[in-house]
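Visitor: I am new to this structure. Please show me how to read its empty spaces and one helix pair.

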Amino acid sequence: MGLSVRAVFFDLDNTLIDTAGASRKGMLEVIKLLQSKYHYKEEAEIICDKVQVKLSKECFRPSDTCITDQRTSHWEEAIQETKGGAADRKLAEECYFLWKSTRLQHMTLAEDVKAMLTELRKDVCLLLLTNGDRQTQREKIEACACQSYFDAIVVGGEQKEEKPAPSIFYYCCDLLGVQPGDCVMVGDTLETDIQGGLNAGLKATVWINKNGIMPLKPSPVPHYIVSSVLELPALLQNIDCKVSVSV
């Protein structure tokens, strides 16, 4: 390939695996459970919507509580807010573990993504760099069986700082024996993946923008924008020492 790039850092969620889609499937299973076993009607969807909001606002600090307790509490609160009455921890646990197990079942690496990673790794080092709670992210990594496609895997929850802090990117560079200017960051989140790559002075950042949505607020500006991670090999051929902008 003759690339000037020596390493590519990949985000995991909604970059290599469809975490959002898997989560939606998990929510649908919980709705079915609540409607069939517990005879909830429209409340089932309201509860799941409330949990989704709580997940989106989640700020996990390992010193506070384990992720299982925290997420069970999301369900417990959502059920109580919707149905009233006493808290039902047992039902909350049933909902949480059904959502979680269904979600993990649907977290898979597509065959074309596996093929792309295999080909890329013939020419460059590949590193998986994912933010999030250690237990949650390691379970996803195990579920999608992606370990063999990477030279190294770094989980933000296991480090002192997560993306977009430059320190975690420098740690990744040290693991691979490369310099920031040798590396490309690929991810779907402007505030962490792209801002982090810019903060660390990587050669390039690639934003996966599946839905073609342009950010409304001032946001980090990626060097490249693609609609699918599968566009990456062709794009890497065009990255050289100059900073390029491709929208």
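Guide: Begin with the term pocket: on a 1 Å grid over the protein atoms alone, a pocket is an open set of points with protein on both sides within 12 Å along at least five of seven lines, and lining residues have an atom within 4 Å of a point. Here the largest pocket is lined by 48 residues, with Asp13, Asn14, Asp188, Thr189 and Thr192 nearest its centre. This is a predicted model, where local features need pLDDT of at least 70 and side-chain atom pairs count only at pLDDT 80 or more, while totals for chains, interfaces and linings use all residues. Residues are numbered from 1 along each chain as its sequence is written, and side-chain values use heavy atoms, leaving out hydrogens and water.

Visitor: What is the volume of the largest pocket, and which element gives the largest share of its lining?

Guide: A volume is the space filled by probe spheres set on the grid points, which are joined across faces, edges and corners. For the largest pocket the volume is about 1,400 Å³. Helix α8 gives the largest share of the lining, four residues; helices and strands are DSSP runs (H or I, at least four residues; E, at least two), numbered from the N terminus.

Visitor: How many residues of each class are in that lining?

Guide: Ala, Val, Leu, Ile, Met, Phe, Trp, Tyr, Cys and Pro count as nonpolar, Asp, Glu, Lys and Arg as charged, and the others, Gly among them, as polar. The lining of the largest pocket has 13 nonpolar, 18 polar and 17 charged residues.

Visitor: How many cavities of 30 Å³ or more does a search of the whole structure find?

Guide: A cavity is a set of points where a 1.4 Å probe fits but cannot get out. The search finds one of 30 Å³ or more, and the largest cavity holds about 80 Å³ of space. Among the residues lining this cavity are Ile67, Tyr96, Trp99 and Gln135. Helix α4 supplies the largest share, five residues.

Visitor: At what angle do α2 and α3 pack?

Guide: Axes are lines fitted to C-alpha atoms, for helices over the stretch in contact, and angles run from 0 to 180 degrees between N-to-C directions. Helix α2 (residues 43–56) and helix α3 (residues 67–83) pack at about 135°, their axes 9 Å apart. That makes α2 oblique to α3; angles under 35 degrees count as roughly parallel, over 145 as roughly antiparallel, 65 to 115 as roughly perpendicular and the rest as oblique.
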